[in-house]
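Reader: I should like to learn how to read the features of a structural model in a systematic manner. May we take them in turn, beginning with the vocabulary?

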Amino acid sequence: MKVKEVIALLEELSPLSYSEDFDNTGLLVGDANATVSGILVTLDTLEKVVDEAIEKNCNLIVSFHPIIFSGLKKITGKTYVERVVQKAIKHDIAIFSNHTALDNSWNGVNAMICEKLRLKNRSVLMPQNETIKKLITFAPTKDAEKVRNALFAVGGGNIGNYENCSFNIEGKGSFKGNEASNPVIGKKGETHFEEETQIGITFAKHIQSNILKALFEAHPYEEVAYEITTLENQNQHLGMGMVGELEQGMEENEFLKFLKKTMKTDCVRHSALLDKPIKKVAVLGGSGAFAIDAAKNAGADAFISADFKYHDFFKAENTLLLADIGHYESEQFTKELLHSFLKKKITNFAVLLSQINTNPISYL
Ligand SMILES: [Zn+2]
């Protein structure tokens, strides 16, 4: 299996097009065509993680956080980032990162936190805009089913828990081919009217090339008439953070103890207790202060995230309980997620979980 084939598998879990604009995801170091000898999964790529990959004969590191984030001007080994990149290149080790693509995925970072906290009735905290597209095409009515099915087969027409969604209007289409044309129906130089069906479906933007490929293959005409537009609808299964409900409400102190134990953290920094039970909980793995208002608007009793600054805690405003459980701690189970996903898909070579704790923060 080649590096690019492993990446294609990972894109089933979290398409790279889900990444935020500021991010740097994808293959960061290495050759996409190299044959993979083994995969090492980590949260961060540190030098000792590259050493571990060398020792365990893994030439692909799948790292949640990208080692190269804002660019490199020199690679002389002065910083840990330069040394990691140098060492990886020297030993033919590829490094791939999916970071915010996985943050934004329905089965990503936040789903893992919800799983650990046993949150039910989940929804995305900040659904993304402009990730849903609409295709309108016109096919001869006798071929409409074939065209529809081809679009459904590549993931077109999926809305929430429903598949094969489309809207179809029958009518008459007209066309006249010029001298260079080669019409499947009608004659060149003559205006032809054909019983056609207008098919409308929506699809996720990251599958657009597959949708067009399926359309062109299934549609009988020499020239396929179609329109694609971007919708303003929010994608309910794609975006930052998640909100869900505990099976049963918990008293605040009890909840904080449960949080500390479940998320295996040595320190929970939290805002003032409000003397009300916690039932609805918003979560966002990593730095999540930007989502405090979204958590309030979602009616969450508590918001669990990391990297809150002093002034962020004031934003609780006696409305909800803010809890900072640590950046590494909030994302630690992401390693397990990537590891178990790849292990299920790959059986012919090793997919290993890095044994190195890459958390740069310790508590006294
Ligand atoms: Zn992070």
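Author: Let us begin with residue classes: Ala, Val, Leu, Ile, Met, Phe, Trp, Tyr, Cys and Pro count as nonpolar, Asp, Glu, Lys and Arg as charged, and the others, Gly among them, as polar. The model is predicted: local features need pLDDT of at least 70 and side-chain atom pairs count only at pLDDT 80 or more, while totals for chains, interfaces and linings use all residues. Residues are numbered from 1 along each chain as its sequence is written, and side-chain values use heavy atoms, with hydrogens and water left out.

Reader: What are the overall contents and extent of the protein?

Author: The protein has 12 helices and 15 strands; helices (H or I, at least four residues) and strands (E, at least two) are DSSP runs, numbered from the N terminus. Along the principal axes, its C-alpha atoms fill a box of roughly 85 × 55 × 40 Å. Of the 364 residues, 50% count as buried, where buried means under 20% relative accessible area, exposed over 50%, and partly exposed in between (1.4 Å probe, protein chains only).

Reader: How should I read a metal site, and which residues are the protein donors of the zinc ion?

Author: Donors are N, O and S atoms within 2.8 Å of the metal (3.2 Å for Na, K and Ca); water is not among the atoms, so sites may look incomplete. Here the zinc ion has as protein donors His-65 (NE2), His-327 (NE2) and two OE entries of Glu-331, at 2.1 to 2.4 Å. The spacing of the donor residues in sequence is H-x261-H-x3-E. His-65 lies in the loop between β3 (60-63) and α3 (80-90), and His-327 in helix α11 (residues 327-331), so the pair ties together parts that are 262 residues apart in sequence.

Reader: Are these two histidines buried or partly exposed?

Author: His-65 counts as buried, at 15% relative accessibility. His-327, by contrast, is partly exposed, with a relative accessible area of 23%.

Reader: What geometry does the site of the zinc ion have?

Author: Ideal angles at a metal are 109.5 degrees for four tetrahedral donors, and 90 or 180 degrees for six octahedral ones. By the rule applied, four donors count as tetrahedral if all angles lie between 85 and 135 degrees; four count as square planar and six as octahedral if opposite donors are over 155 degrees apart and all others between 65 and 115; anything else is irregular. The angles among the four donor atoms of the zinc ion are 55 to 122 degrees, and the site is irregular.

Reader: How are empty spaces identified, and what is the volume of the largest cavity?

Author: Rolling a probe the size of a water molecule over the atoms shows where empty space is left. On a 1 Å grid over the protein atoms alone, a cavity is a set of points where a 1.4 Å probe fits but cannot get out, and a pocket is an open set with protein on both sides within 12 Å along at least five of seven lines; lining residues have an atom within 4 Å of a point. Grid points are joined across faces, edges and corners, and a volume is the space filled by probe spheres set on the points. The count is one cavity of 30 Å³ or more, and the largest cavity has a volume of about 30 Å³. Its lining includes Ser-17, Tyr-18, Ala-204 and His-206, and by class comprises three nonpolar, five polar and one charged residues.

Reader: Which residues lie nearest the centre of the second largest pocket, and what surrounds the centre of the largest one?

Author: The largest pocket holds about 890 Å³ of space. Among its 31 lining residues, the closest to the centre are Tyr-18, Ala-204, His-206, Asn-235 and His-237. The second largest pocket holds about 650 Å³; of its 33 lining residues, Asp-44, His-65, Pro-66, His-99 and His-327 lie nearest the centre. That lining divides into 16 nonpolar, 12 polar and five charged residues.

Reader: Finally, in what order do the strands of the open sheet lie?

Author: Strands of a sheet pair through backbone hydrogen bonds, either parallel or antiparallel. Two strands pair if DSSP finds at least two bridges between them. Six strands form the open sheet in the order β5-β10-β12-β13-β14-β11, with mixed pairing. Its edge strands, β5 (120-128) and β11 (269-270), each pair on one side only. Strand β13 (residues 302-306) runs parallel to β14 (residues 321-324), joined by four bridges, and β12 and β13 also pair in the parallel sense over four bridges. Five of the five residues of β13 are buried, so this strand is largely enclosed by the rest of the structure.
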